[in-house]
Structure formats: C-alpha cells, structure tokens
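Work through the exercises below with the sequence and the model open. Try each task before reading its solution.

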Amino acid sequence: MSALYEQDRLLHQYLLFHYGTSEEILAGSDLPPLPNAVFQFPVATVGMLRSHFAAPGRVLDLGCAVGRSSFEFSRFTEGSVTGIDFSRRFIEAAEALRRGESLICRRYAEGHWGEDLPIHAGIEGARPDRIQFECGDAMDLRDDLGCFDVVHAANLLCRLPYPERFLQRLGALVVPGGWLVMATPGTWLEEFTAASEQPPGLTLDYLKCRLGADFTLQEVRELPFCIREHRRKFQLSTSQTSVWQRKV
Ligand SMILES: C[S@@+](CC[C@H](N)C(=O)[O-])C[C@H]1O[C@@H](n2cnc3c(N)ncnc32)[C@H](O)[C@@H]1O
C-alpha cells in the first residue's frame, strides 16, 4: 500500500491539507461551517509539544509527508529538523517547498475534475535552512541517524506493516529527557497492517505497553483534522495525540 502515497491524487490532497487555508480547503463545498481547529492539525501536534519543551535542538519528523510540521518545528528549534517519509513524491514536493518554489495543487471538485491552486510554504518565522528532507522507512531507519531531542510521528503508526519495528527503535532515537509526539487516529486496516501485527486492544494501551519501559506518558489529547477529497467529500477525524518523555 505504500504506492498509495506516490499517487497524484494523494499528493494534491496532502498539499492542500498541509498548506491550504480553511477557505481554500472548503471552496465549492456546501458544508456547514467547521471549527478552525480541524484545519490546523499539522500545526497543532507541534503546538502540543511546545507547552512541554520550548526550544529543542534536533527534531525528527517521521512520516512528514509534504512537510508542514517540519516547517513548524523550524520556527522554534535551535538546531535542525529532519523530515523523513517513505514517499519519494512527497519528499520531492517538501524539498521543492523548502527551496522556496511554488507547487501546483489540484483541488478536486468531483471525479478528476478540479482547479489548480498555487501552494507555497511561506510560513512566517520558518527557517527552511534548518530543515532537511529525505526518503526513509520508519521501520528501518538508517543506523547513522543519531539521537533527537524530539521525535514527531503524526498519523504514521497505523499505516505501517510492522508498527512494532518502528516502536522498538524509538527508545534509542530520543535522548534521555527528550520528547516523543505520537498522533494516531487508530484506523487500523489490513491493507496496511496485517491483523496479526495490529494492537490486540486499544492503541493507547498498546503504546503504554510498548513504550512504557523507556518513556513516561505526559499528555493525551484528541486533535481534529479535515482532509478534502473533493467538494462533496471530506475526511473528518480526530487523532489521539500522546506526548511522552524519555526516561533519564
Ligand atoms: C496518513 S499520512 C500522515 C502524514 C503527516 N504526518 C500528517 O499528519 O499529515 C502517512 C504518511 O506516512 C508515510 N509513510 C507510510 N509508511 C511509511 C514508512 N514505512 N516510513 C516512513 N513514512 C511512511 C506516508 O508516505 C505518508 O506521508
């Protein structure tokens, strides 16, 4: 299923999701008004960490997609932000935005029909020079990646064939006293994760069990998000977002 995130349609969905304003995302829709928070997800997961940790040194954004959270981290980190995603197309788009280029995003109205919208990452206070985007597999990260003050993994966990492999590496990736932000809607599907690899019960209980030896759970919140498919179809979900501190 990883090929899903190489498709034009998904690329355009994520460009709009990460960089579109609420007006741009809702254009042409007859939905009743939605709270602004549903359009702030890639910013909100980063904001949740900021109440715990003001200025991290090294940040790792795993499953960064087209990179919005990485840009958000660059606004307040004193060091570097590494954004890693399995999708080559997403990383190429994130890197083009990092270089200051504009991209064209197709905002679908219905079927394949839609209109083109320019997307750029001119986010106030962002420091693109501090960001590095690269392709990689969260279940098999390169050995020389080093350690991070913060690891952020938003809506990645339930897209992995072997979530256990990803979770096992986290203790070594986060420095003692450092932070982990794990957001997941818990949408476990066999297309992505075989039933035998899925949590046996609730995802938060599974995370407590797998992360508890290395991390202390500090906060859990449901953060909403809205992804436009076309003018009459939107995914409206919440992601259970947990903040963990690495034990010293
Ligand atoms: C549901 S999207 C979430 C993207 C982004 N973090 C967000 O919250 O909008 C899942 C992302 O994980 C990426 N992904 C899937 N499998 C991966 C893997 N094994 N390693 C790294 N990234 C992966 C996909 O390419 C996609 O960008």
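The exercises cover the sheet, a hairpin, the core, two loop residues and the ligand shell.

The model is predicted, so local features are given only where pLDDT is at least 70 and side-chain atom pairs only at pLDDT 80 or more, while totals for chains, interfaces and linings use all residues. Residue numbers start from 1 along each chain as its sequence is written.

**Exercise 1. Determine the strand order of the sheet and find its edges.**

Solution.
- Step 1: Assign strands as DSSP runs (E, at least two residues; helices are H or I, at least four), numbered from the N terminus.
- Step 2: Count two strands as paired if DSSP finds at least two bridges between them.
- Step 3: Seven strands then form an open sheet with mixed pairing, in the order 5-2-1-6-7-9-8.
- Step 4: Strand 5 (131-135) and strand 8 (215-230) each have a single partner strand, so they stand at the edges and one side of each lacks a neighbour in the sheet.
- Step 5: On average, neighbouring strands of this sheet are turned by 15° against each other, direction ignored. Axes are lines fitted to C-alpha atoms, for helices over the stretch in contact, and angles run from 0 to 180 degrees between N-to-C directions.

**Exercise 2. Compare the direction of two strand pairs.**

Solution.
- Step 1: Strand 1 (residues 58-62) and strand 2 (residues 80-85) run parallel and are joined by five bridges. L62 has I84 in strand 2 as its bridge partner.
- Step 2: Strand 8 and strand 9 (residues 233-246) run antiparallel, with 14 bridges. E222 is paired with Q240 in strand 9.
- Step 3: Two residues separate strand 8 from strand 9 in a hairpin.
- Step 4: E219 belongs to strand 8. Its C-alpha atom is 5.2 Å from that of V243, 24 residues apart along the chain.

**Exercise 3. Is F73 buried or exposed, and which residues does F73 touch?**

Solution.
- Step 1: Place C-beta atoms from the backbone and count the others within 10 Å: 20 or more means buried, 12 or fewer exposed, and anything in between partly exposed.
- Step 2: F73, in helix 4 (residues 68-74), has 28 C-beta neighbours inside 10 Å and therefore counts as buried.
- Step 3: Contact requires C-beta atoms, placed from the backbone, within 7 Å. Leaving out residues up to four places away in sequence, F73 touches V46, V59, D61 and V81.
- Step 4: For contrast, E219 has 14 other C-beta atoms within 10 Å, so E219 is partly exposed.

**Exercise 4. Find the residues with the most contacts inside the largest nonpolar core.**

Solution.
- Step 1: Join buried Ala, Val, Leu, Ile, Met, Phe, Trp, Tyr and Cys residues through C-beta atoms within 7 Å.
- Step 2: The largest such core has 58 residues, and L15, V151 and L180 have the most contacts inside it.
- Step 3: Beyond neighbours within four places in sequence, the contacts of L180 are V151, L170, V174, F215, W244 and R246.

**Exercise 5. Inspect two residues with positive phi, then the ligand shell.**

Solution.
- Step 1: A65, in the loop between strand 1 and helix 4, has phi near 55°.
- Step 2: N155 also has phi near 55° and lies in the loop between strand 6 (148-154) and helix 6 (163-173).
- Step 3: N155 is buried, because 21 other C-beta atoms lie within 10 Å.
- Step 4: Take residues whose C-beta atom, placed from the backbone, lies within 6 Å of the ligand. Of the 18 residues around the ligand, Y5, G63, A65, F86 and A138 come nearest.

Key:
Two residues are in contact if their C-beta atoms, placed from the backbone, lie within 7 Å.
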